[in-house]
Amino acid sequence: MSKLKLGPIVDEKPVKTTVELPAALHRDLVAYADALARETGQPVTEPTKLIVPMLERFIATDRGFAKARRSHQSATPGA
C-alpha cells in the first residue's frame, strides 16, 4: 500500500468550528479516513478530524507560503 501523507491523528481538545463542505469532498474525507485506518491499524476516525492535520500538512509544505511568511516576518520589526 502507498504511504499516505497523514499519520495517526492526535486526539486533542476539540474546538468547535462550522464549515460547509461539498458532498464530494466529504465522501473523499470518508474514503481517506478508511484508508488511513487500514494503513495505521487505528479505528476509523471521524472524517472531519482529518481537516486540521490536512491543513497543517498543506501549510507546512507550501513553499510559497513559507517564503511569504519569512518575507513578512523579516519586514515586521520585532517579529
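**Note on a predicted model: pocket, cavity and surface**

1. The largest pocket has a lining of 20 residues. Nearest its centre lie Pro-14, Val-15, Thr-48, Lys-49 and Val-52. Keep in mind throughout that this model is predicted.

2. How much space lies in the largest pocket? The figure is about 730 Å³. The lining of this pocket divides by class into eleven nonpolar, three polar and six charged residues.

3. Now the enclosed space. How many cavities of 30 Å³ or more are there? The count is one. The largest cavity has a volume of about 50 Å³. A cavity differs from a pocket because a 1.4 Å probe fits in a cavity but cannot get out, while a pocket is an open set of points.

4. Which residues line the largest cavity? Find Gly-7, Pro-8 and Ile-9 among them. Further along the chain, the lining also includes Ala-33, Leu-36, Ala-37 and Thr-40. Gln-42, Pro-43 and Thr-45 complete the list. Sorted by class, this lining has six nonpolar residues, four polar ones and no charged ones. Gly-7 goes with the polar group, because Gly is counted as polar here.

5. Turn to the surface. Val-19, Leu-21 and Leu-25 make a nonpolar patch there. The area of this patch is about 230 Å².

6. Look at one member of that patch. Leu-25 sits in helix 1, which covers residues 23–40. Is Leu-25 exposed or only partly exposed? Its relative accessibility is 39%, so Leu-25 counts as partly exposed. The band for that label runs between 20% and 50%.

7. Helix 3 covers residues 63–75, and Ala-75 lies in it. Ala-75 has a relative accessibility of 61%, so it counts as exposed. The cut-off for that label is over 50%.

8. Gly-64 also has its place in helix 3. Its relative accessible area is 48%, so Gly-64 is partly exposed.

9. Finally, two distances to check in the viewer. How far apart are the C-alpha atoms of Ala-75 and Val-15? They are separated by 32 Å, with the two positions 60 residues apart along the chain. Val-15 is one of the residues nearest the centre of the largest pocket. For Gly-64 and Val-44, the C-alpha to C-alpha distance is 33 Å. That pair is 20 residues apart in sequence.

How values were computed: Residues numbered from 1 in each chain as written. Predicted model: local features only at pLDDT ≥ 70, side-chain atom pairs only at ≥ 80, totals over all residues. Heavy atoms only, no water. Patch = residues over 30% accessible without salt bridge, like charges linked within 9 Å, V, L, I, M, F, W, Y side chains within 5 Å. Areas by Shrake-Rupley, 256 points an atom, 1.4 Å probe, with all protein chains shown as cover. Salt bridge = Lys/Arg side-chain N within 4 Å of Asp/Glu carboxyl O. Helix = DSSP H or I, 4+ residues; strand = E, 2+ residues; numbered from the N terminus. Buried < 20%, exposed > 50% of the residue type's maximum accessible area, 1.4 Å probe, protein only. 1 Å grid on protein atoms, 1.4 Å probe; cavity = no way out; pocket = protein on both sides within 12 Å on 5 of 7 lines; lining within 4 Å. Points joined across faces, edges and corners; volume = space filled by probe spheres on them.
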